[in-house]
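This report introduces one part of a protein model. Look at the strands and helices first, then read on.

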Amino acid sequence: MRSIWCIFTIPQESKINVDESDMTTLVDSREISKFNNIARSYWDPEGPMRALHQINPLRIDFVESYYPLQNAKVLDVGCGGGLATEAMARRGGLVTGIDASPEMLKTAKLHARESKLKVTYSQSHAEAFATKHACEFDVVTCFEMIEHVPDPMQTLRTLSQLVRPGGWLVISTINRTLKAYLGTVLVAEYILSWVPKGTHDYSRFIKPSEIAAGLRPEGLDVESIEGVVFQPLYQQFTRSTSSINMNYQLAARKSE
């Protein structure tokens with residue numbers, strides 16, 4: 001394994017519909033194309049999103065440790081094919097999912113119909129959605145998305161606008177560390193093929209301190225940060241309060 005690592009160079013540090021022509025600098029068309037291409041296999045637990053399938057229950061448990069989902073008004077930003085969106089709806093949330101990928105939204109809508117779940121899906125992005133839905137949601141989630149946007153600080157400001165006073169913003173992403181590069185890019189993409197090659201860009205990984213700094217001026221204080229760690233012996237992911245140097249999740253509360 002070590003000999004393989006040495007050959008890689010580490011980079012330097014549907015109620016509202018929005019047309020793709022309306023997309024702003026918050027959306028990267030190249031990233032949308034990546035996810036359009038894997039939309040059909042999104043719900044395959046052994047497909048390119050299998051790691052996401054394994055992590056998803058940990059994400060939802062983390063959300064509920066800060067705000068009960070039963071009857072909560074929830075917005076899932078960058079919902080993809082609806083994995084977390086449906087999970088939160090199953091726990092009683094009144095959930096809306098938005099995503100800029102039209103193919104992912106088709107997948108999400110079809111699966112929700114098959115699952116007989118009441119979920120509202122819209123092709124949109126946070127900035128456009130916030131113009132009509134500011135301060136509307138008890139919980140706003142953004143799972144594995146912020147590392148795919150061109151301006152994460154602007155995205156954080158926009159996500160903050162969607163949270164009602166006293167509400168919660170929950171984000172999950174990848175830390176910008178050597179360990180994260182080796183694990184999520186080299187191993188996950190090139191060795192184990194857990195996700196398609198080119199899914200992640202190390203230069204877009206973001207440190208928890210940077211997210212906290214971006215949220216603080218918007219009136220949100222980070223209440224908790226914890227890692228999600230893969231346990232090779234058991235072939236599963238677990239939550240960790242001590243290891244956040246790879247994949248992590250963060251909960252921030254908006255002041256009343």
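Two strands count as paired if DSSP finds at least two bridges between them. With that in mind, V74 in strand 1 has V139 in strand 4 as its bridge partner. The model is predicted.

**Strand 1 and its neighbours**

Strand 1 covers residues 73-77. Four of its five residues are buried, so the strand is mostly covered. Strand 1 pairs with strand 2 and also with strand 4. The table lists both pairings.

| Partner of strand 1 | Residues | Bridges | Sense | Facing residues |
|---|---|---|---|---|
| Strand 2 | residues 94-99 | five bridges | parallel | L75 opposite T96 |
| Strand 4 | residues 137-143 | three bridges | parallel | V74 with V139 |

In a regular strand, side chains alternate between the two faces of the sheet.

**The link through helix 4**

Which helix joins strand 1 and strand 2 in a β-α-β unit? Helix 4, residues 83-90, takes that place. The unit is right-handed.

**Helix 3 against helix 4**

Helix 4 also packs with helix 3, which spans residues 50-64. Their axes lie 10 Å apart. The angle between them is about 40°. Angles under 35 degrees would count as roughly parallel, and 65 to 115 as roughly perpendicular. The two helices are therefore oblique to each other. Their crossing is right-handed.

Which residues meet where these helices pack? Helix 3 brings L52, H53, N56 and I60. Helix 4 meets them with L83, A84, A87 and M88.

Key
Residues numbered from 1 in each chain as written. Predicted model: local features only at pLDDT ≥ 70, side-chain atom pairs only at ≥ 80, totals over all residues. Heavy atoms only, no water. Buried < 20%, exposed > 50% of the residue type's maximum accessible area, 1.4 Å probe, protein only. Right-handed = clockwise from strand over helix to strand, strands pointing away. Axes fitted to C-alpha atoms, helices over the stretch in contact; angles between N-to-C directions. Parallel < 35°, antiparallel > 145°, perpendicular 65-115°, else oblique. Left-handed = near helix turned anticlockwise from the far one by under 90°. Contact = heavy atoms within 4.5 Å.
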